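The exercises below ask how two helices pack and how a group of charged side chains is connected. Work through each task with the coordinates open, and then compare your reasoning with the solution.

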Amino acid sequence: MIGRLAQIAGAYFRSALQEEFAYRGDLFGNVIRSVLNLGTAIGGVVVIFSHTETLGGWTLGQTLSLLGIFVFVNGFVAMFMSPSLNRVVEEVREGTFDYVLMKPVPALFLASARRFAVWHVSDIVLGAIVLGVALAGLDVRASGWGVLLFVALLACGVTIVYAIWLALTTLVFWFVRVANVTMIFNLFFQTGRYPIEVYPFWLRQLLTFVFPVAFVTTVPAQAVTGRDPSWLVWVAPVIAVVALLAATRFWRFGLSRYTSASS
């Protein structure tokens, strides 16, 4: 079953790749936009550190490492998650989601892995480059355990983002227009480009336990930059598993309340 689903996802990805390269001008323009957005973000961090030596206890190199992680995760989400889940919202609103349910493939799989914005691979690559350059400047010597911990925490962060995005998408079965809700999440997600320590106490709690952005960027950055890891490092896997289970269960509940367009 897993092999079959992987083949289907691969076919969708190849189709998206062909579509992307059919419009090379748009592809080139999108890549340039990614570079400019990253340059602006780095410039903002550099300007801040021209007036201070640390930001919430984070040095320039550590903050740039965190920014690299944010750009990487944001690119991954925009490439693999958002297109498919946003398509579900459109299909429910247009009454064409029935065609998804008629296919002999789990609806959750099709809702999550049908559409890909391939050009966002530029964000993934740029984020990895920024992270690598920043770590080189910090002269961090990563052990095998440190790399494994970082990868595990990064996977937890991506899982948490997916769970939140899936839960917000599920709301479409009750509220046809959920664009405002996802926009609010995007606003909170953008706070992840800075260490969570720079925010007021109440906002730190919100970004840790309600919109857990801290687990997406700050916690993995702590592990990879040599900072003393907080207790959140050990909570991250629990949050990721609980969030994923809750989101998938909420999806099944929402799907059971869905009224098809043909009813």
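Contact here means heavy atoms within 4.5 Å. The model is predicted, so that local features need pLDDT of at least 70 and side-chain atom pairs count only at pLDDT 80 or more, while totals for chains, interfaces and linings use all residues. Residues are numbered from 1 along each chain as its sequence is written, and side-chain values use heavy atoms, with hydrogens and water left out.

**Exercise 1.** Determine which residues of α3 meet α6, and how the axes of the two helices are arranged.

*Solution.* Step 1: take helices as DSSP runs (H or I, at least four residues), numbered from the N terminus; α3 then covers residues 60-94 and α6 residues 121-138.

Step 2: list the contacts, in which the α3 side includes Gly61, Leu64, Gly68, Phe72, Phe76 and Phe80, and the α6 side includes Val121, Asp123, Ile124, Gly127, Leu131 and Leu138. By class, this contact has 15 nonpolar, 6 polar and 1 charged residues, where Ala, Val, Leu, Ile, Met, Phe, Trp, Tyr, Cys and Pro count as nonpolar, Asp, Glu, Lys and Arg as charged, and the others, Gly among them, as polar.

Step 3: fit the axes to C-alpha atoms over the stretch in contact, with angles from 0 to 180 degrees between N-to-C directions. The axes of α3 and α6 come within 7 Å and cross at roughly 165°, and the two helices are therefore roughly antiparallel to each other, a term for angles over 145 degrees.

**Exercise 2.** Trace the network of salt bridges that includes Arg87, and state which of its members are buried or partly exposed.

*Solution.* Step 1: apply the criterion for a salt bridge, a side-chain nitrogen of Lys or Arg within 4 Å of a carboxyl oxygen of Asp or Glu; the structure holds 3 of them.

Step 2: start at Arg87, which forms a salt bridge with Glu90 at 2.8 Å between the closest N and O atoms, and a salt bridge with Glu91 at 3.5 Å. Glu91 and Arg87 lie 4 residues apart in α3, about one turn of the helix.

Step 3: continue from Glu91 to Arg114, whose side chains meet at 2.8 Å, N to O. This pair links distant parts of the chain, since Arg114 lies in the loop between α5 (107-112) and α6, 23 residues apart from Glu91.

Step 4: assign accessibility, with buried meaning under 20% relative accessible area, exposed over 50%, and partly exposed in between (1.4 Å probe, protein chains only). Glu91 at 5% is buried, as is Arg114 at 13%, whereas Arg87 at 22% and Glu90 at 31% are partly exposed.

Definitions and conventions. Angles under 35 degrees count as roughly parallel, over 145 as roughly antiparallel, 65 to 115 as roughly perpendicular and the rest as oblique.
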